[in-house]
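Q: Please take a close look at the second largest pocket of this structure. Describe its lining, and then the cavities, helices and loops that can be discussed along with it.

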Amino acid sequence: MDHVGARLRVARTDAQVTLTQMAARTNYSKSHLCNVELGKRPATPDLVLAYERVLGDSVNRRGALALAATVVVSSAVAELVQHGFAAAIAPRRDVDEWVARAEAYGQDYMSLGAAQLQARLAADLVVLQQELDSPHLWGVAARLMTVHGKTLPGNDGGRGAIRSYEMAAIAADRSGDLATRVWVRGRAALALAYEGAHLPVAARFAEQAVALTDRPTLGRLTALTAQAHVAACRGDAATALAGLDDARRIFDTAGSSEQVSDFAVPQWRFHTFESMLLSRLGHPRAVAAQDQADRTRPDSLPRFATHIELHRGLLMASAGDAAGGLGYARRALDRLPPERHSLSLRLMLAEVERAAGAVP
């Protein structure tokens, strides 16, 4: 048995928490937790800290978990150091190579789970920060830092993601490229607002993006969409729907033909943003947006199909079918392999639980 997984199991059983209870409280599937405890899957830092949050402050349990977390994190740090040093003694990549690498990350983000992407992306950022000698590379770094923020697990209350977005905005400013400056802020705003997290920060990023230019760009599109989501989360349906209409008009001009990239907003993705907002509001147009997202989305993106299923559960719960909506959402997330889960999905499930009255 993997020693980290074994320590997690001991800590859980000492606390008299069943595997079923742990799965419900951490938003990981029961089968995934079982495989981790048996050493069949690696224990990620995100999962270790999730156990720590659930099991509380018992000295014995905390000691076991701290040791487990140290083993996991120390290994990750060692890999980063080795990767960075190897890059320092190797030939530098040119700008075109970094641009191509960033484009690849934009595509990978759409299909890979956050845990699969985070370590590789962090390692490349370690290398890139040694080579920031041109405005163009600062722009590449800004985009990668934005994606990196979206892969962070959220067990620190979102502080790590926000720090990444703040640094991405600074890097974008150093690039001198207006489109990058607007995109970074708009995308950061939408990442937070779509998840219903840190709404004042999301509103600030969106306001900055909108103030930079009124040109119809992807950055302005995501910023306006973020502002609509902030209003929806605050219960201001009229402002949310008006903001969504504004975003839709920008989409008609600036929407993307590229289908699979975090740096693009094609039709299916705009419908996904629209679906979440309308489901939050319990609006009757939500079903049409969900159906349109499903019809237009590439078959290669099962994680985003799960987004829509969670939206359906949220809509059901918001309409009064608390048990049906919550069960629907939980089953949808369980069908997606755990390695493809994301913080967005876990936060969406938590929102369904709140709408269903399952949590305060």
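A: In this predicted model, among contacts between residues at least 6 apart in sequence, 66% join residues at least 24 apart. The protein has 18 helices and 0 strands. Of its 360 residues, 51% are buried. About 15,600 Å² is exposed, and carbon and sulfur atoms supply 54% of that area.

The second largest pocket has a volume of about 410 Å³. Its lining is made up of 28 residues. Nearest the centre of this pocket lie Ala191, Glu195, Leu343, Ser344 and Leu347. Sorted by class, the lining holds 14 nonpolar, 9 polar and 5 charged residues. At least two lining residues come from each of helix 8 (135–151), helix 9 (159–175), helix 10 (178–194), helix 14 (267–281), helix 16 (302–318) and helix 18 (343–355).

Some of the residues nearest the centre of the pocket also appear in the walls of a cavity. The structure holds 2 cavities of 30 Å³ or more. The largest cavity encloses about 50 Å³, and among the residues that line it are Glu195, Leu343 and Ser344. These three are also listed among the residues nearest the centre of the second largest pocket. The rest of the wall of the largest cavity is given by Tyr109, Leu112, Gly113, Ala114, Lys150, Arg303 and Ser342. By class, this lining divides into 4 nonpolar, 3 polar and 3 charged residues.

Ser342, one of the residues lining the largest cavity, sits in the loop between helix 17 (322–335) and helix 18. With a relative accessible area of 8%, Ser342 falls under the 20% cut-off and is therefore buried. Setting aside neighbours within four places in sequence, Ser342 makes contact with Arg303 and His307. Arg303 is itself one of the residues that line the largest cavity.

The second largest cavity has about 40 Å³ of space. Its lining consists of Trp183, Arg187, Leu218, Thr222, Asp262, Phe263, Ala264, Val265, Arg269 and Phe273. Helix 10, helix 12 (218–233) and helix 14 are the elements that give two or more residues to this lining. Helix 10 and helix 14 are also among the helices that each supply at least two residues to the lining of the second largest pocket. By class, the lining of the second largest cavity has 6 nonpolar, 1 polar and 3 charged residues.

Helix 12 can be checked for its length. At 1.5 Å a residue, the 16 residues of helix 12 should span 22 Å, and its end C-alpha atoms are 22 Å apart, so the two values agree. Most of helix 12 is covered, with 14 of its 16 residues buried. After helix 12 comes Gly235, whose phi is positive, near 85 degrees.

Helix 9, one of the helices that supply at least two residues to the lining of the second largest pocket, can be checked in the same way. For its 17 residues, 1.5 Å a residue gives an expected span of 24 Å; the end C-alpha atoms of helix 9 are 24 Å apart, which agrees. The buried residues of helix 9 are Gly160, Ala161, Ile162, Ser164, Tyr165, Ala168, Ala169, Ala171, Ala172 and Ser175. An α-helix has 3.6 residues a turn, so residues three or four places apart point the same way. The buried residues of helix 9 pack against helix 8, helix 10 and helix 11 (199–212). Just after helix 9, Gly176 has a positive phi of about 75 degrees.

Most residues other than glycine have a negative phi. His198 has a positive phi of about 50 degrees although it is not a glycine. His198 is placed in the loop between helix 10 and helix 11. The relative accessible area of His198 is 32%, so His198 lies between the 20% and 50% cut-offs and is partly exposed.

Gln16 is another residue other than glycine with a positive phi, near 60 degrees. Its place is in the loop between helix 1 (3–14) and helix 2 (19–26). Gln16 has a relative accessible area of 69%, which is over 50%, and is therefore exposed.

Conventions
Residues are numbered from 1 along each chain as its sequence is written. This is a predicted model: local features need pLDDT of at least 70, side-chain atom pairs count only at pLDDT 80 or more; totals for chains, interfaces and linings use all residues. Side-chain values use heavy atoms; hydrogens and water are left out. On a 1 Å grid over the protein atoms alone, a cavity is a set of points where a 1.4 Å probe fits but cannot get out, and a pocket is an open set with protein on both sides within 12 Å along at least five of seven lines; lining residues have an atom within 4 Å of a point. Grid points are joined across faces, edges and corners, and a volume is the space filled by probe spheres set on the points. Helices (H or I, at least four residues) and strands (E, at least two) are DSSP runs, numbered from the N terminus. Ala, Val, Leu, Ile, Met, Phe, Trp, Tyr, Cys and Pro count as nonpolar, Asp, Glu, Lys and Arg as charged, and the others, Gly among them, as polar. The expected span of a helix is 1.5 Å times one less than its number of residues. Buried means under 20% relative accessible area, exposed over 50%, partly exposed in between (1.4 Å probe, protein chains only). Contact means heavy atoms within 4.5 Å. Accessible areas come from the Shrake-Rupley method with a 1.4 Å probe; for residues, only the protein chains shown count as cover.
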